[in-house]
Amino acid sequence: KPMLPKELAFYKSLWSSNLPPELLWLREFTPKYYGKWEAASGFLSNLDASSIGSEHAVKSRGSLPDPNSEDDVPSPQIAQSSRSEKRLTSRHLLKCSPQHRRNESFPKVDSPTVHTVHWVDNQTGDTVINLNPWSLKMRHMQLKRHAPRTHIVLEDLSCVFNRPCILDCKMGTRHYDSEASEEKRLRQTQKCLHSTSAELGFRFSGMQWYRLDVESYNFHDKYHGRSLKSSDVASELRCFFHNGVVLRRDAVAAVRVRLQELVERMRTQRYFKFYSSSLLILYEGDADRVEPSAPLVDMRVIDFAHTQLSGGEEDEGYTKGLESLAALLDSL
């Protein structure tokens, strides 16, 4: 994702050897940080060796990236023999099917509706699948807006799932940091007051879930989530965990267990205020997946562009959101 200074600083501190022991748990609840990617040069900085081929290894497998290192190593696009190249670059690379190639045929994704878009697999050229149209729109806008720039490379949390179902929850009751302008503070405050953020401590910012009955994904974008009232959230959450045939109670239970651990951790941590960060919830939508080692669910805290030191205080807004979400899961 495009590099933002405060988010880069957070990830560097989180994956440095100087992280206080009482914060080690955060690594289990955040994506792994691999380094920086210079888009103009096609090189990765500070890349962890476990993500590229052994011929380019600069650290032993499992070691942490050195946040002070300025060394560049070939990116997965250049390291053709890397066995992790596919994981970082082509696991989910898709091309648009002919009916969606032209810009004007892109689906409208700024209305509170469900969108289903059919795409073609890059490798086979004929496997019809779905792609979240909001992701498509954001990527298309990003390519238009930005010249080559530095990105940070993070763990792909969805690649371990056959049918990843993903829910993005913007957490907390405050979504700006202390450096925000008055205009931004007012704008973000209004968004909280006119969404479920103020009352529940979170709002839905987008989700995709797999419908077994129609063998297709459904999507809700952030505008749909912002339009929900607190009384709508339970049914929306149930919708996310329902595959069109049954409510995935196995996934609900597994998410609830992991959420409880995060609730307990957040109640006691006094290092950070996670302003405007999100909680990403994932579960396997392929109910027939039988590999014993395959994960059923995952949950991570993401987006740290506005995270700041807490001054020894609890992040009460974030904790409120976690507790509200736990109560809603219990009601399903």
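Across which strands does helix α8 lie, and at about what angle does it run to β13? Helix α8, residues 249-268, lies across β12 (278-284) and β13, and its direction makes an angle of about 35 degrees with that of β13. The points below set this packing in the context of the whole chain, and they concern a predicted model.

1. Confidence. The mean pLDDT of the protein chain is 77, and 67% of its residues reach 70 or more. Residues 48-123 have a pLDDT below 50, although this stretch has 165 contacts in the model beyond near neighbours in sequence. Residues 125-129 also fall below 50, and there the model places twelve contacts beyond near neighbours in sequence.

2. Overall composition. The protein chain has nine helices and 14 strands, and buried residues make up 48% of its 332 residues. Of the contacts in the protein chain with a separation of 6 or more, 73% are between residues 24 or more positions apart.

3. The five-stranded sheet. An open sheet of five strands follows the order β10-β9-β8-β12-β13, and its pairing is antiparallel. Its edges are formed by β10 (216-220) and β13 (297-302), each of which pairs on one side only. From one strand to the next the twist averages 15 degrees.

4. Strand β8 and its two partners. Strand β8, residues 164-171, pairs with β9, residues 202-211, in the antiparallel sense over six bridges, and it is joined to β12, again antiparallel, by seven bridges. On the β9 side, I166 stands opposite Q208 and M171 stands opposite F202, while on the β12 side L167 has I281 as its bridge partner. The strand is mostly covered, with seven of its eight residues buried.

5. Cysteines. The structure holds zero disulfides. As for C169, its relative accessible area is 0%, so this cysteine is buried. C239, by contrast, has a relative accessibility of 26% and therefore counts as partly exposed, since that value lies between the limits of 20% and 50%.

6. Surroundings of S197. S197 lies in helix α5, which covers residues 197-200, and because its relative accessibility is 0% it counts as buried. Once neighbours within four places in sequence are left aside, S197 is in contact with G172, T173, H175, C192, F202 and R203. One of these contacts, F202, is also the residue of β9 that stands opposite M171.

7. The loop after helix α8. Q269 lies in the loop between α8 and β11 (272-273), and at 4% relative accessibility it counts as buried because the value is under 20%. Not counting residues up to four places away in sequence, Q269 touches W25, F274, E313, E314 and D315. In the case of D315, which is 46 residues from Q269 along the chain, the two C-alpha atoms are separated by 8.1 Å.

8. Helix α9. Does the length of this helix agree or disagree with the expected rise per residue? At 1.5 Å a residue, the 16 residues of α9 (316-331) should span 22 Å, and because the end C-alpha atoms are 23 Å apart, the model agrees with that expectation. The buried residues of α9 are G317, Y318, T319, G321, L322, S324, L325, A326, L328 and L329.

9. Positive phi values outside glycine. Two residues deserve a look on this account. E215, in the loop between β9 and β10, has a phi near 50 degrees, which is a positive value in a residue other than glycine. S276, which is found in the loop between β11 and β12, has a phi near 65 degrees, likewise positive in a residue other than glycine. As to their surroundings, E215 counts as exposed because its relative accessibility of 62% is over 50%, whereas S276, at 13%, counts as buried because that value is under 20%.

Conventions
Residues are numbered from 1 along each chain as its sequence is written. This is a predicted model: local features need pLDDT of at least 70, side-chain atom pairs count only at pLDDT 80 or more; totals for chains, interfaces and linings use all residues. Side-chain values use heavy atoms; hydrogens and water are left out. Two strands pair if DSSP finds at least two bridges between them. Helices (H or I, at least four residues) and strands (E, at least two) are DSSP runs, numbered from the N terminus. Axes are lines fitted to C-alpha atoms, for helices over the stretch in contact, and angles run from 0 to 180 degrees between N-to-C directions. Contact means heavy atoms within 4.5 Å. pLDDT is the predictor's confidence in each residue, from 0 to 100. The expected span of a helix is 1.5 Å times one less than its number of residues. Buried means under 20% relative accessible area, exposed over 50%, partly exposed in between (1.4 Å probe, protein chains only). A disulfide is a pair of cysteine sulfur atoms within 2.5 Å.
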